[in-house]
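My notebook is open, and I want to see how one sheet is put together and what sits around it. Here is what I pulled up.

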Amino acid sequence: MADKIIFLTTTGAGSWSVPSDFSAVNTIEVIGAGGGGGNAVAATIGGGGAGAGAYSSVSNLTLAGSISFSVGAGGGSQTTGGDTWFNGASLAASSVGAKGGTGSTSSTGAAGGVAGSGVGTVRNSGGAGGSGFSNSNGGGGGGGAAGPHGNGANGGNVISSVGSAAGGGGADGGSNGADVP
């Protein structure tokens with residue numbers, strides 16, 4: 001029989017009914033939501049990039065009945081992204097869960113979701129956002145999302161007064177975003 005892939009993508013809390021043919025040989029993966037980028041602090045100070053969501057997974061989980069889960073919503077301007085978890089009433093009580101990335105509230109880039117705050121056998125951190133520059137209206141790049149192959153990379157920084165927006169970080173073990181001179 002072919003493998004089944006099921007995506008639960010509607011943000012917020014929900015329940016999922018385990019199908020009768022659910023196999024005890026499985027992998028369940030979750031990604032926390034990314035945070036929101038910072039607004040320009042002033043006309044000459046670019047906002048910081050948002051942190052990306054963490055990743056967690058667990059394998060061979062035995063399930064039956066109705067399972068509670070929550071899919072984190074992405075952060076709006078300057079707000080933190082929501083946590084995502086599966087099989088529990090909260091991240092801490094779940095079988096697998098990942099932290100959302102932090103929103104930037106200044107010209108400094110925000111932290112990505114931290115792997116150590118997640119639940120699962122494989123856990124990777126989201127990349128941090130890059131920083132804007134105090135004499136430029138260019139903003140820092142957003143962090144890259146974590147994935148099964150590694151941490152998300154950090155967003156690039158604006159490092160001089162002539163810089164524009166910096167590059168975002170690569171996802172799933174990718175490269176850091178390019179700094180903009």
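These are my notes, going from the sheet to one loop residue and then to the core.

**The sheet.** I'm working with a predicted model. I looked up the strand order first and got an open sheet of 4 strands, β1-β4-β5-β6, with antiparallel pairing. At the edges I found β1 (12–17) and β6 (96–98), each of which pairs on one side only. I also checked the twist, and it averages 15° from one strand to the next.

**β5 and β6.** Next I zoomed in on β5, residues 84–86, which is joined to β6 by 3 bridges. The two strands run antiparallel. I picked T84 and looked for its bridge partner in β6, which turned out to be A98.

**The loop.** Between β5 and β6 there is a loop, and S94 lies in it. Is S94 buried or exposed? It counts as buried, because its relative accessibility is 9% and the cut-off for buried is under 20%. A polar atom of the S94 side chain lies 2.7 Å from the backbone oxygen of L91. Setting aside neighbours within four places in sequence, I noted that S94 is in contact with W85, F86, N87, G88 and V119.

**The core.** F86 came up again when I checked the largest nonpolar core, which has 14 residues. F86 is among those touching the most other members, along with W16, I28, L63, I67 and V96. Two or more residues each come from β2 (27–31), β4 (66–71) and β6. I wrote down that β4 gives the most, with 3 residues.

**F86 up close.** Last, I listed contacts of F86 beyond four places in sequence, including L8, W16, I28, V30, S94 and V96.

Definitions and conventions:
Residues are numbered from 1 along each chain as its sequence is written. This is a predicted model: local features need pLDDT of at least 70, side-chain atom pairs count only at pLDDT 80 or more; totals for chains, interfaces and linings use all residues. Side-chain values use heavy atoms; hydrogens and water are left out. Two strands pair if DSSP finds at least two bridges between them. Axes are lines fitted to C-alpha atoms, for helices over the stretch in contact, and angles run from 0 to 180 degrees between N-to-C directions. Buried means under 20% relative accessible area, exposed over 50%, partly exposed in between (1.4 Å probe, protein chains only). A polar contact is a pair of N or O atoms within 3.5 Å; within protein, one must be able to donate a hydrogen and the other to accept it, and residues adjacent in sequence count only if both atoms are side-chain atoms. Contact means heavy atoms within 4.5 Å. A nonpolar core is a set of buried Ala, Val, Leu, Ile, Met, Phe, Trp, Tyr and Cys residues joined through side-chain atoms within 4.5 Å.
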